[in-house]
Amino acid sequence: MMPIPPIYPLWSTQTPPIYPQDRDPTPIVPVGCPDPHSPQEAHTPLAGPPPPSLPPLPPVTRLIPALRPGSIPHTSPPPARRRRRGAAMAKQYDVLFRLLLLGDSGVGKTCLLCRFTDSEFHPAHISTIGVDFKMKTIEVDGIKVRIQIWDTAGQERYQTITKQYYRRAQGIFLVYDISSERSYQHIVKWASDVDEYAPDGVQKILIGNKADEEHKRQVAKEQGLQLAREYGMDFYETSACSNLNIKESFTRLTELVLQAHRKELEGLRTATAPPELAQLEEDEQQTPGGNDNPKNCWC
Ligand SMILES: Nc1nc2c(ncn2[C@@H]2O[C@H](COP(=O)(O)OP(=O)(O)OP(=O)(O)O)[C@@H](O)[C@H]2O)c(=O)[nH]1
C-alpha cells in the first residue's frame with residue numbers, strides 16, 4: 001500500500017514534498033526548442049579543437065518593420081518574393097488593382113464579396129474585424145484583370161484602421177441596405193470620408209443591397225438613383241442572397257477603373273510585365289483570412 005500524502009492547504013507556507021509518483025515523466029520542453037531527449041535532436045559534441053569564438057553580433061536596431069498607414073501588415077512577403085510571385089502571375093493577368101467595400105455594419109459587404117468570389121451566401125452575420133480581402137480575376141474588354149477586393153468593417157470602432165486602406169483603392173463600392181433607411185442616410189458620411197481619404201479620381205458606385213427583401217424595403221429604388229445622380233455615380237440594387245446584379249456591379253466598377261487608367265494601360269499588350277495599379281500583396285492561399293475564413297482580419 002502506498003503511503004497517503006499529507007494534505008497541504010492552499011494557504012500553507014510549507015512546501016509540499018514531491019512524491020516520486022507525482023513526478024511528470026515527460027519533461028516540459030519550450031515550444032520551438034529542440035527536445036534534448038529526442039534521439040534525432042541529441043547534441044553530439046564535435047570532435048577536434050573547440051571552434052574559434054564568434055565575432056560579437058551587431059546591435060539589433062529594428063526587430064519589427066514599421067507599419068506605414070495603408071501599408072501591408074507584417075505577413076506580407078519581402079519585396080524579392082513579391083516580385084517573383086508577380087512574375088509567376090504575369091501570365092495569368094494583364095493588370096491588377098484594388099477595390100474597396102464600404103458601408104454600415106450589416107449591409108452585406110462580406111456577403112457581396114463572398115457571392116462574387118466564391119458564389120456563396122452566408123446567412124449569419126459575423127462582423128468583420130478590421131479588414132479582409134479576396135481576389136478574383138475577370139476579363140473585361142479582352143483584358144484580364146486581377147482584382148483585390150477589400151472588405152472593411154462597418155463598425156465605427158474600426159474606422160481608424162479601415163480609413164488607412166482608402167488611399168490605395170482605385171474603386172470603391174458604397175453599400176447600403178434597402179431595408180435600412182439609416183444605412184442609406186449614412187452613405188453621405190461614407191462618401192465624405194472617401195472624399196477626404198481616398199485618392200482623387202477614385203471610381204465609386206452606389207449599391208443598394210438586400211433587394212430580395214422587398215417586404216422590408218425602407219428605401220425606394222428612386223431614392224437610390226437620386227443619390228447616385230447627385231454624386232455622379234452608377235447605381236445598382238443587388239442581392240447577395242439571390243445573386244442579383246453581383247457580377248454586373250463588380251464588372252462595372254472594374255470597367256470604370258480601367259477607363260480611368262486608360263493612359264497607364266496603353267501598350268498593355270506589348271508590355272513584358274503586367275502593370276500593377278495596386279501591388280500584389282498576397283495570394284489567396286496566404287491571406288490571414290484565406291478563402292476559408294472571410295472574417296479574419298489584418299489589424
Ligand atoms: N436577405 C438578404 N440578406 C443579406 C444579403 N446580404 C447580406 N445579408 C445578410 O445580412 C447580414 C450581414 O451581412 P454581412 O455581409 O456580414 O454584413 P457586413 O456589411 O459585412 O457587416 P460588417 O462586417 O459588420 O461590416 C447577414 O446576416 C447576411 O446573411 C442579401 O442580399 N439579402
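1. An oxygen atom of the ligand lies 3.0 Å from a polar backbone atom of G108, and this contact is a useful place to begin reading the structure, which is a predicted model. Two further contacts of this kind involve side chains: an N or O atom in the side chain of K109 is 2.8 Å from an oxygen atom of the ligand, and a polar side-chain atom of H125 is 3.0 Å from an oxygen atom of the ligand. Taken alone, the ligand would expose 650 Å², and the protein buries 93% of that area.

2. Where does the ligand sit? Its place is in the largest pocket, where 25 residues surround it, the closest being S105, K109, P123, T128 and D212. By class, this shell is made up of eight nonpolar, 11 polar and six charged residues. Helix α2, which spans residues 109–118, gives the most to the shell, with three residues.

3. For the overall layout, a reader new to the structure may note that the chain has eight helices and six strands. Followed along the sequence, these elements come in the pattern α-β-α-β-β-α-β-α-α-β-α-β-α-α. Of the 299 residues of the chain, 42% count as buried.

4. T128 deserves a separate point, since this residue is among the closest to the ligand and also has side-chain contacts within the protein. T128 is found in the loop between α2 and β2, the latter being the strand of residues 131–140. Is T128 buried or exposed? With a relative accessible area of 6%, T128 falls under the 20% cut-off and is therefore buried. Its side chain is joined to that of T110 by a polar contact of 3.0 Å, and a polar contact of 3.4 Å joins the side chains of T128 and D151.

5. The loop between α2 and β2 also holds S119, whose backbone should be looked at with some care, as S119 has a positive phi of about 55° although it is not a glycine. S119 counts as exposed because its relative accessibility is 56%, and the cut-off for that class is over 50%. In the loop that contains both residues, then, T128 is buried, whereas S119 is exposed.

6. A second residue with this backbone feature is N243, which has a positive phi of about 60° although it is not a glycine. N243 lies in the loop between β6 (234–237) and α7 (246–260). At 45% relative accessibility, N243 counts as partly exposed, because that value lies between the 20% limit for buried residues and the 50% limit for exposed ones.

7. The loop between β6 and α7 is also the place of T238, and this residue may be read against N243. While N243 is partly exposed, T238 has a relative accessibility of 0% and so counts as buried. Which residue is 28 residues from T238 in sequence and 6.2 Å from it in space, C-alpha to C-alpha? That residue is K210.

8. The loop between β5 (203–209) and α6 (221–231) contains A220, and V219 is found in the loop between β5 and α6 as well. How do their accessibilities place them, and what are the values? V219, at 0% relative accessibility, counts as buried, whereas A220, at 35%, counts as partly exposed. V219 and I178 are 41 residues apart in sequence, with their C-alpha atoms 5.1 Å apart in space. For A220 and S179, which are also 41 residues apart along the chain, the C-alpha atoms are separated by 9.4 Å.

9. A last point concerns Y93, whose place is in the loop between α1 (79–89) and β1 (95–103). Y93 has a relative accessible area of 1%, which is why this residue is classed as buried. Y93 and V145 are 52 residues apart along the chain, and their C-alpha atoms are separated by 5.8 Å.

How values were computed
Residues are numbered from 1 along each chain as its sequence is written. This is a predicted model: local features need pLDDT of at least 70, side-chain atom pairs count only at pLDDT 80 or more; totals for chains, interfaces and linings use all residues. Side-chain values use heavy atoms; hydrogens and water are left out. A residue is near a molecule or strand if one of its heavy atoms lies within 4 Å of it. A polar contact is a pair of N or O atoms within 3.5 Å; within protein, one must be able to donate a hydrogen and the other to accept it, and residues adjacent in sequence count only if both atoms are side-chain atoms. Accessible areas come from the Shrake-Rupley method with a 1.4 Å probe; for residues, only the protein chains shown count as cover. On a 1 Å grid over the protein atoms alone, a cavity is a set of points where a 1.4 Å probe fits but cannot get out, and a pocket is an open set with protein on both sides within 12 Å along at least five of seven lines; lining residues have an atom within 4 Å of a point. A molecule sits in a cavity or pocket if more than half of its atoms lie within 2 Å of its grid points. Helices (H or I, at least four residues) and strands (E, at least two) are DSSP runs, numbered from the N terminus. Ala, Val, Leu, Ile, Met, Phe, Trp, Tyr, Cys and Pro count as nonpolar, Asp, Glu, Lys and Arg as charged, and the others, Gly among them, as polar. Buried means under 20% relative accessible area, exposed over 50%, partly exposed in between (1.4 Å probe, protein chains only).
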